[in-house]
Amino acid sequence: MQHLARASVVVLAGLHAVNAKPVNAGDAFEDFISRFEKAYSAEEKAIRRAIFDENFNLIQTENTKGHKYTLGVTEFADMTREEFRKTHLGLRKGSKAFSGLPYLGRHQVSNQTLPATVDWRTAGAVTPVKNQQQCGSCWAFSSTGSLEGAWKIGSGSLVSLSEQQLVDCSGSFGNQGCNGGEMDDAFKYAETVGFCTEDSYPYTAVGGTCAASSCTVGLPKGGVTGFKDVTPGDYNALMDAVAQQPVSVAIEADQSVFQLYTGGVVTGDSCGTNLDHGVLAVGYGSESGTDYWVVKNSWGASWGDNGFVKLQRGQSGNGECGIQMDPSYPVVSKVSEIINV
């Protein structure tokens, strides 16, 4: 499989641009190669062109159906859905172990009236969108996002934390690096260590030997006291939790709507509930009468809506793409409590 360049989205003339001339699949493919710096052998180019044409036709067809979301040519438009699924997801669901620390029980819904909209990005509690590349480490990015947000809210300091530390060092807690993992297991690990900064322990998209002992600590040991799960299928509980802090969530993302998503609110039966991808709920709001969750992804800042996707909010049960099935978040200490330990 060809090396994937930096993730970004091509906004094609005739698909998203206003008053632009339509383009054909051949022109679009050559533009795709140029924009994403693709390099193929002659044989592979023919194969990728055939896959691209199929995705391009799907984009055009779906965008005529009046969805509340739009599809477009993304970096992944020359990949089959199976290739995409194998390289850009990575959630592994194990059995929950609810006994003992650091599991701190279920999120308790407050009696307060919730704000109509929440956006932790504008509150400065969300780091820039990152890119997991061809490594099944989505669980690590979801986990650091929750930890970063919780620590910002608790300490006043937003620190970008190291996904690579989780990939390399949390295997004894059940995670499997680029072969998948789980957010709760990452939180269990984080409770036992000082957590490294992104700059001092940078992401490589491959598993390696744990080097946490030589990093710069961004979230001190004792800063994470445990984690809480949000009651599955409880829409109000998830809203209450997201109003409190960014929340790690699991979704099904192996569908074309994610592979080719460029904006809008994902609704309807475009995705299922076979959880395979860890992401981060960072807010909620409404758009043209449709309530949505704001979700931070880990496929680069140019995928989707600047690296984010909106999923329909307000559904009972599993929620859109299963977002209400398995939410959780870390609990952190106050800075004064750490200092006094």
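## A cavity, a helix and a pocket

Helix 4 and strand 11 (277-287) each supply at least two residues to the lining of the largest cavity. The model is a predicted one.

**The cavity.** Helix 4 is the top contributor here, giving five residues to the lining of the largest cavity. The volume of this cavity is about 90 Å³. Its lining is made of 13 residues, and Phe141, Ser142, Lys296, Asn297 and Ser298 are the closest to its centre. How many cavities of 30 Å³ or more does the count give? The count comes to one. Rolling a probe the size of a water molecule over the atoms shows where empty space is left.

**Helix 4.** This helix covers residues 138-155, which makes 18 residues. From first C-alpha to last, helix 4 reaches 25 Å. That is close to the 26 Å expected at 1.5 Å a residue. Is helix 4 largely enclosed or not, and why? Helix 4 is largely enclosed by the rest of the structure, because 14 of its 18 residues are buried. The cut-off for buried is under 20% relative accessible area. Just after helix 4 comes Gly156, with a positive phi of about 90 degrees.

**The pocket.** Next comes an open space. The second largest pocket holds about 220 Å³ of space. It is lined by 14 residues. Arg85, Lys86, Leu89, Gly90 and Asn179 lie nearest its centre. The table sets out the two linings by class.

| Space | Nonpolar residues | Polar residues | Charged residues |
|---|---|---|---|
| Largest cavity | four | six | three |
| Second largest pocket | four | six | four |

**Asp254.** Where does Asp254 lie? Asp254 sits in the loop between strand 9 (247-251) and helix 8 (256-259). Is Asp254 buried or exposed? Asp254 has a relative accessible area of 6%. The cut-off for buried is under 20%, so Asp254 is buried.

What does Asp254 touch, leaving out residues up to four places away in sequence? Its contacts are Arg81, Arg85, Leu89 and Asp276. Arg85 and Leu89 also appear among the residues nearest the centre of the second largest pocket. A neighbour in the chain matters too: the side chain of Asp254 makes a polar contact with the side chain of Gln255, at 2.9 Å. Gly272 is 18 residues from Asp254 in sequence. In space, the two are 9.1 Å apart, C-alpha to C-alpha.

Definitions and conventions. Residues are numbered from 1 along each chain as its sequence is written. This is a predicted model: local features need pLDDT of at least 70, side-chain atom pairs count only at pLDDT 80 or more; totals for chains, interfaces and linings use all residues. Side-chain values use heavy atoms; hydrogens and water are left out. Helices (H or I, at least four residues) and strands (E, at least two) are DSSP runs, numbered from the N terminus. Buried means under 20% relative accessible area, exposed over 50%, partly exposed in between (1.4 Å probe, protein chains only). Contact means heavy atoms within 4.5 Å. A polar contact is a pair of N or O atoms within 3.5 Å; within protein, one must be able to donate a hydrogen and the other to accept it, and residues adjacent in sequence count only if both atoms are side-chain atoms. On a 1 Å grid over the protein atoms alone, a cavity is a set of points where a 1.4 Å probe fits but cannot get out, and a pocket is an open set with protein on both sides within 12 Å along at least five of seven lines; lining residues have an atom within 4 Å of a point. Grid points are joined across faces, edges and corners, and a volume is the space filled by probe spheres set on the points. Ala, Val, Leu, Ile, Met, Phe, Trp, Tyr, Cys and Pro count as nonpolar, Asp, Glu, Lys and Arg as charged, and the others, Gly among them, as polar. The expected span of a helix is 1.5 Å times one less than its number of residues.
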